[in-house]
Every structure is written in C-alpha cells, then in structure tokens.
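Got the structure open in your viewer? Let's take a walk through it, one selection at a time.

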Amino acid sequence: MTRYQSFHPRTEIVFGPGLLDRLHAYRGQKVGIVTDAFMAQSGALDRVKASLKGCDVLVFDEAIPEPPLDTVSRGARLLADFGPDVILALGGGSPIDAGKAILAIVRQMAEGRYIPFVAIPTTSGTGSEVTSFAVISDPANGRKFPLISEELVPDVALLDPEFVRTAPPKVTADTGMDVITHAIEAVVATGANHFTDAFAEKALALAFAFLPRCFANGDDIEARDAMHQASCLAGLAFSAAGLGINHSLAHALGGRLHVVHGRVNAVLMPLVIAWNAEEPEAAERYARIARLIGLDVPSTRAGVGALIHEIQGLNARFGIPSSLRGLGTDMEEFSHARSQIAAAALADACTTSNPRKPSQADLDALLMQVGG
C-alpha cells in the first residue's frame, strides 16, 4: 500500500476588480508592511496604504533580491518593536520571502498572539503568495537556501494584474519562465498527485498561451491576469508536490554567482528535462505536458524532445541564452566554485523531490554542460 498523501491549500486567494477593498477588514489595526524601495517610490505602496483606512501603518522598505539574513533581522526587530496586528508583504518574490522570514521571527516574539500575513505579488513568477517556501541568502558564506514551513504560508493573497502591468519585458520573461519551471517540476516531482497535477497543468496551459503575449505587450491586461493566476496556480502545485534539481542548481548558482533566478532556471530547464527523462515515469510525464500544450507527441521520447524544443524556442524569443557563459557569468569563478555549487545543490531541500536521484557527480556534470 502506498503512503497516504494530503493536499491542503490554506490561503484565501482574492482576484478581480476592487480586490484591495479586502484590506478594509483591517480597519483600525496596526499594519506592518514589508516591501522594497521601488514599490515605495512607484505609487504601488501608496495605493495599498490608501486602502488601509484608519490603520496605524509602519513600512519596512529595505527588501532586496535574495533577502540576506541581516536585512531579515533588521526588519524583524523593527516590526517586533511596532507590535503589528497584521503583516503585509508587497512586491515580487524577494519582498514576500523577506516578509515570510520576518513574520516567523515576529510571531515567535509575540508570545502566542497570531499575526495574519497578507501577500500582494507584483510579479508573476514565484507563487510565493501561496507557498510554504521562502528563499534567503547568506552572502558572507556565498549561500542561498530555502526555508520550508507551513508557518510561512500567507493567510491572504491579493492577485491584482494592475500591479504587474508595468513590469518590463525582461522581468516578465524571467519571472514567467520561473512559473513554467515551477509547474513542470511539480508535475514530475515525487510528491505529485492528481490534485497537484490539476493546478500545475492549468498553470502550464495558461503560461505557454499568455507569457508570449505579456512579453510582447505589457498592457495586455487579459494576458497579465492569466499569467498572474498561472503563477499562483504553479505555487499551489509545487508547494504540495515539491520541486527538483532545476531549482536546486538555480539556488546554488544564484547564491554563489548572483545570476537572476528565473533566467538561470530557464537556461537549466532543457538540460534538466533531458537528464530526468532517463527515468521512464518522468519521461511519460514530460510527454504528457507536451500533449497538454498542443505539441506533436507520436511517442514518449518524441514528446520529451518536443517539450525541450518548445522551451528552447521560448528562451530564444525572450533573449535568454543557452549557457552561463551567455549570461555573462564569471567563468573563472564558476570553474573555481563548481564542486561547491554541486555540493550545495545536492544538499538543497528541492533535490529530495526530484524524480531521478542525482549524485554530486551527476550535478557537477550538468553544471559542466550548462557552463558553455
């Protein structure tokens, strides 16, 4: 008998016109906001604050990409002293991840008082608004590592496509390829089941259809809304099913070489799919994805190849190169650190749910391939 599985999404997901009215529920409360400097200056923060009528609001706007431990510590001290009734994160994956880590510390210091967490994503990529994952960095040791805990799952996610309308094409492409990576890894992950597949497959159908439209025209609000929901659906899928070595390698490369997460995921994806497809069940699942997005799949092997070719085509359309060298990576540093990067990827939590179990030598070989 197989072990039992469970699927328990716990986030209230709000989307559609007037969704910021949902913030009226916190009228008269103390609200701590975690965001970044761009959100604070762009008008997005003002729009959120205008909906927090009668609230005492404190803003921590120092979140940066790959939130480092000292930033998290500084934000936690500030918000703990403020004593919020609710914490709200506004921004892309980094402010939301910073908000999650800060929330965990503030809740510990609140002596049993439950503090709700609201996430408003402003990129369509990480799905962090519904996941138990947060990625934090330790620059002093050149590491980037995921935190995984049900305590990190936001209570409310507000999906407003207007917040992503102004994302530039490069950011749209990088974050959109992250969505596709999340959903593909969720389909083949060891924790996948019919429930997670339903979310992952819908995310893929939306992403392959609408990401090119978002890239071509950021004001296409229908496409923006579809990608925003695809990102959330993929987050629901991988939070339950798990991810794999595509993300393990991306985390390790990002921590050491500071390459953009979504972009390096896109570079790695064709190689990882080809490597995982040596495992027959994973190959069948990749072929199923190929059929789902309308590719010609006369056989499993052809389906895997078609999916790889489709991803390579998207990368080419978005100006994403096929190697780390093409990304402008410091290849001397890469060569020097490759064994440590492979070791970090092997130890990454995402590796445990990959469909094919790698050794450090396997990961090192993949790194050699992606180096270029």
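Start by selecting H9 and H11, two helices that are roughly antiparallel to each other (angles over 145 degrees count as that; under 35 is roughly parallel, 65 to 115 roughly perpendicular, and the rest oblique). Helix H9 covers residues 261-276 and helix H11 residues 300-317, and they pack at an angle of about 170° with their axes 10 Å apart. The axes are lines fitted to C-alpha atoms, for helices over the stretch in contact, and the angles run from 0 to 180 degrees between N-to-C directions. Helices here are DSSP runs of H or I with at least four residues, strands are runs of E with at least two, and both are numbered from the N terminus.

Before you click on, a note on what you're looking at: this is a predicted model, where local features need pLDDT of at least 70 and side-chain atom pairs count only at pLDDT 80 or more, while totals for chains, interfaces and linings use all residues. Residues are numbered from 1 along each chain as its sequence is written, and side-chain values use heavy atoms, with hydrogens and water left out.

Now show the side chains between the two helices. On the H9 side, Ala266, Val267, Met269, Pro270, Ile273 and Ala274 meet Val304, Leu307, Ile308, Ile311, Gln312 and Asn315 of H11 (contact means heavy atoms within 4.5 Å). Colour them by type and you get 10 nonpolar, 2 polar and no charged residues in the contact of H9 with H11. Nonpolar means Ala, Val, Leu, Ile, Met, Phe, Trp, Tyr, Cys and Pro; charged means Asp, Glu, Lys and Arg; the others, Gly among them, are polar.

Keep H9 and add helix H8, residues 245-257: the axes of H8 and H9 come within 8 Å and cross at roughly 140°. That makes H8 oblique to H9. The crossing is right-handed, a label used if the near helix is turned clockwise from the far one by less than a right angle, with anticlockwise giving left-handed. Among the H8 residues in this contact are Ile245, His247 and Leu253, and among those in H9 are His261, Leu268 and Trp275.

Next stop: select H5 (residues 169-188) and H6 (residues 194-216). How close do the axes of H5 and H6 come? They come within 9 Å and cross at roughly 160°. That makes H5 roughly antiparallel to H6. Their crossing is left-handed. The residues of this contact of H5 with H6 divide into 17 nonpolar, 2 polar and 2 charged.

Zoom out and select residues 172-368, which UniProt annotates in an unreviewed entry as "domain: Fe-containing alcohol dehydrogenase-like C-terminal". UniProt positions follow the numbering used here, feature names are shortened, and annotations may be inferred rather than shown by experiment. This span is 75% helix and 0% strand.

Then switch to residues 11-161, listed by UniProt (unreviewed entry) as "domain: Alcohol dehydrogenase iron-type/glycerol dehydrogenase GldA". Here the chain is 30% helix and 27% strand, and the end C-alpha atoms are 18 Å apart.

Within that stretch, click Pro116, in the loop between helix H4 (93-109) and strand S5 (117-121). Pro116 is partly exposed at 22% relative accessible area (buried is under 20%, exposed over 50%, partly exposed in between, with a 1.4 Å probe and protein chains only). Leaving out residues up to four places away in sequence, Pro116 touches Asp85, Val86, Ile87, Arg107 and Asp155.

Last click: Ala50, in helix H2 (residues 44-51). Ala50 is partly exposed too, at 48% relative accessibility.
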